[in-house]
Amino acid sequence: MPNHTNIYNHEAEQYHLLISKQPNLAPIIEEIKAFNGLDIVDVGAGTGRLTTVLAPHAKSIIALDASDAMLQVTAAKLEKAGLANWTTKVADHRKLPLEDQSADLIVAGWTICYLASTNVQNWRQNLQEVMAEMKRVLRPNGTIIIFETMGTGTETPDPPAFLKEYYSSLVRQYGFSHKWIRTDYEFDSVHQAEELTRFFFGEEIVNQVLEQNRICVPECAGIWWLHR
Ligand SMILES: C[S@@+](CC[C@H](N)C(=O)[O-])C[C@H]1O[C@@H](n2cnc3c(N)ncnc32)[C@H](O)[C@@H]1O
């Protein structure tokens, strides 16, 4: 399995190319929370998959991430779009550099998992700290929306074992609602599918791509949301 920390620090553009092959998630977010005119925070924003589609409609948007290299890609895209309602800042999910009750919507895409999978020491404590920080920053009537993987290379949800306890805690302990969607990759060619899946997911998915000559690689994502 490739080293994701290394990717986030040194191969941000390649990561962005990979996720640019997935659907725009703005309509899914809009179904849960109408985001026009809101103050929004994207935690673990990465290269801006969520930030860049929310920013044109937001009152303000703050993109936070542990990796400055990822945020530089986000900032370049927002600048190119001619927007001025945004800031980016390096931060850890457990200590958000934000004021109490300053956001109407917090989104977190494929990121809290890095602190809350059961193969991370103190994952429960990490999750508790992340939840406390998000709730501190959220205004009354605010909403938190979390996306996480439910499996790549599968047409129905099949999450990795080390994420199942985190997912069930979101519902049972923290009161989130849940659904799942397909976030399939539509690559330009089998060669590109091979290259980009090897880069991020490793050989198991590559074998599936090559055996089935795939341009479309199925993926499932879980969505959890909490209205305060
Ligand atoms: C899979 S990427 C997701 C990026 C983006 N949200 C998206 O949907 O494409 C995971 C991101 O989480 C960030 N990250 C991982 N652990 C973090 C932490 N403890 N605090 C802040 N960001 C973190 C990584 O730097 C990386 O940019």
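Two strands count as paired if DSSP finds at least two bridges between them. By that rule β4 (residues 103-109) and β5 run parallel, joined by 6 bridges. Helices (H or I, at least four residues) and strands (E, at least two) are DSSP runs, numbered from the N terminus. This is a predicted model, where local features need pLDDT of at least 70 and side-chain atom pairs count only at pLDDT 80 or more, while totals for chains, interfaces and linings use all residues. Residue numbers start from 1 along each chain as its sequence is written.

**The sheet**

- Let's start with the layout: 7 strands form an open sheet in the order β3-β2-β1-β4-β5-β9-β6, and the pairing is mixed.
- At the edges sit β3 (86-90) and β6 (177-182), each of which pairs on one side only.
- From one strand to the next, the twist averages 20°.
- Helix α5 (residues 68-80) packs on the sheet and touches β2 (60-65) and β3, where contact requires C-beta atoms, placed from the backbone, to lie within 7 Å.
- The direction of α5 makes about 170° with that of β3; axes are lines fitted to C-alpha atoms, for helices over the stretch in contact, and angles run from 0 to 180 degrees between N-to-C directions.

**Strand β5 and its partners**

- On the β4 side, Ile106 has Ile144 of β5 as its bridge partner.
- With β9 (residues 219-227), strand β5 (residues 138-152) pairs in the antiparallel sense over 8 bridges.
- Two β9 partners are worth finding on screen: Ala221 for Thr149, and Trp224 for Ile146.

**Helices α2 and α9**

- The axes of α2 (residues 12-19) and α9 (residues 190-200) come within 10 Å and cross at roughly 120°.
- That crossing angle makes α2 oblique to α9, given that angles under 35 degrees count as roughly parallel, over 145 as roughly antiparallel, 65 to 115 as roughly perpendicular and the rest as oblique.
- Gln14, Tyr15, Leu17 and Leu18 of α2 make the contact with Leu196, Phe199 and Phe200 of α9.
- These contact residues divide into 6 nonpolar, 1 polar and no charged (Ala, Val, Leu, Ile, Met, Phe, Trp, Tyr, Cys and Pro count as nonpolar, Asp, Glu, Lys and Arg as charged, and the others, Gly among them, as polar).

**Around the ligand**

- Gly44, Gly46, Ala66, Gly109 and Thr111 come nearest among the 18 residues around the ligand, a residue being near if its C-beta atom, placed from the backbone, lies within 6 Å.
- The shell around the ligand has 9 nonpolar, 6 polar and 3 charged residues.

Terms used:
Two residues are in contact if their C-beta atoms, placed from the backbone, lie within 7 Å.
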